[in-house]
Amino acid sequence: MKKKVESHRIAASDDIEVSTYLGLAKELRGEQPVVEPKLPPSDRDTIVVLDFGSQYSMLIARRVRECHVYCELVSYDTPWEKIASLNPRGLILSGGPASVYDSGAPLPLPYIYESHMPVMGICYGMFAIASHLGAQVTRGAKREYGHTILHVSEEGSPLFAGLPSSFPVWMSHGDQVMELPPGFKTLAHTENSPFAVIGKDNSVYGLQFHPEVVHTAHGKTIFQNFVLQICGCQGNWTPANFISESVDKIKEQVGGGRVVCALSGGVDSAVAATLIDRAIGNKLTCIFINNGLLRRDEPERVLSTFKRHLRMDVVYVDATDRFLERLKGVSDPEQKRQLIGNEFIQIFEEEAATLGKIDFLAQGTLYPDVIESTSTDTKAAAKIKSHHNVGGLPAKMNFTLVEPLRYLFKDEVRQVGLALGLPEDRVWRQPFPGPGLAIRIIGDVTREKLEILRAADWILMSEIKKANLYRQLWQSFAVLTDVKSVGVMGDYRTYGYLLAVRAVTSEDAMTADWARLPHDLLATISDRIVNEIPSVNRVVYDITSKPPATIEWE
């Protein structure tokens, strides 16, 4: 028998802070995805990145966005009709794991040359251009990986405007162009690569190195030169313009319909809901489900922030007992995710059914969620993992998705949030997983373990903020392991939990490095945890980067 959930409506005159926690991945229930709307193309300048499966493809899109120019990442074999609808001013061909001389290697379609717009190929993208235009590409005698010095041969090239004649770049390749395609010139070389950069007519370029990674000096300037000078983009894609454009699109998409949005407190849904509220006002209803897996005082802080800053119609649901009953005795992390996701959908369905006819579902889906969760848009790349807010909904709900942030990175969402006037403590809130503390407890989830972890997390966050490091970290959190060890407190033997502390730095969570926290800070965190939480007698610090590890433990 299902536990009863408590819910009440917060008046539309109240304010509420917003975030997504929708366990909607279609593999959870094996159902078909809802219809995703096709919106009209924008008049804005766009650079299109054709993805050949590189691990750095998303970084290319980020670097273009940093030039204040809109950019989309699409599969290398995307039809011209879709490319043209994006109003592109230039194309970038990414790197990739294949070799152009392999059977079945992915190759660009002819329109990249027939369109007569500027093109830049990076690593595999350069090899694809060179091979397609008649040059020979073979396996190099010496693989080039890591830093090397690039020497500019053609100093008048607009691609290198404002750059020194030599600078370090990051290489990651085993192939080599053996001869120039007809009409091309050598623009730069390295000791191992005589054709490290090639070009033709100041419109088609091939770069054997990776300008998108931070290891390449002046990479940002190279992108600025290509995007702003060579492609002629205006660089006017700003948070203010995005807000104006998004509000117009939401109005057009929703029309006279009604939208429901799931909340939990993070910046993604906060920004999504605020944009939708600006567009359609009281036709938006938000549902905040407390699953009992949140951090200490999180529900209260979320509701308090909502009341101060937004004016929306919000339904609050306390389903703590129901979620904990479903998780009872479950240790497998994937099963936890599935149970939490399914229960969330069930409760969400029940609450949404009480609202009358709902036409749309709003989600705070971000671009990394989309790219990591699907291989249909980027066929040459491997699917990494599923995300809780990307995928399908039960068909009977018949919702259409409203996802105004679907093509934004996290840092861009934060910029938009600040432009919308959201409070900084919400805008800069560190990411928190949809399944909450359930996947930060190794083993089964109990009320006792949740309280232990909440207390440890509270201490960790307090000390991180006191040290003024919170904004510098992508995430910092505690993990309660299922390991117990012997300890000594006073003259007594203890047998307590091993607790792990995790802190990482990152730009977008695609990769992450462990944070070099000061030793004195780690000592303070450890001392407070073992002294203030009797059940814990040992604290360790996780110094593993992503990859090979993931950020979360489960």
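Start by selecting residues 46–51, which form strand 2; 6 of its 6 residues are buried, leaving the strand mostly covered. The model on screen is predicted.

Show the side chains of strand 2 next. T46, V48 and L50 point one way. I47, V49 and D51 point the other way, and the residues of both sets are buried.

Now add residues 70–75, which are strand 3. Strands 2 and 3 are parallel and pair over 6 bridges. To find one point along this pairing, select I47: its bridge partner in strand 3 is C71.

Then select residues 57–65, helix 1. Together with strand 2 and strand 3, helix 1 makes a β-α-β unit, and the unit is right-handed. Follow the chain from strand 2 over helix 1 to strand 3 to trace this unit.

Keep strand 2 in view and add residues 88–93, strand 4. Strand 4 runs parallel to strand 2, and 5 bridges join the two. Return to I47 here: the residue opposite I47 in strand 4 is G90. I47 therefore has a partner in strand 3, C71, and one in strand 4, G90. 

The last stop is R429. Select the loop between helix 13 (424–427) and helix 14 (447–466), where R429 lies. Is R429 buried or exposed? R429 counts as buried because its relative accessible area is 8%, and the cut-off for buried is under 20%.

Finally, display what surrounds R429. Apart from neighbours within four places in sequence, R429 is in contact with G265, G266, R295, E298, R414 and Y470.

Notes: Residues are numbered from 1 along each chain as its sequence is written. This is a predicted model: local features need pLDDT of at least 70, side-chain atom pairs count only at pLDDT 80 or more; totals for chains, interfaces and linings use all residues. Side-chain values use heavy atoms; hydrogens and water are left out. Buried means under 20% relative accessible area, exposed over 50%, partly exposed in between (1.4 Å probe, protein chains only). Helices (H or I, at least four residues) and strands (E, at least two) are DSSP runs, numbered from the N terminus. Two strands pair if DSSP finds at least two bridges between them. A crossover is right-handed if, with the strands pointing away from the viewer, the path from the first strand over the helix to the second runs clockwise. Contact means heavy atoms within 4.5 Å.
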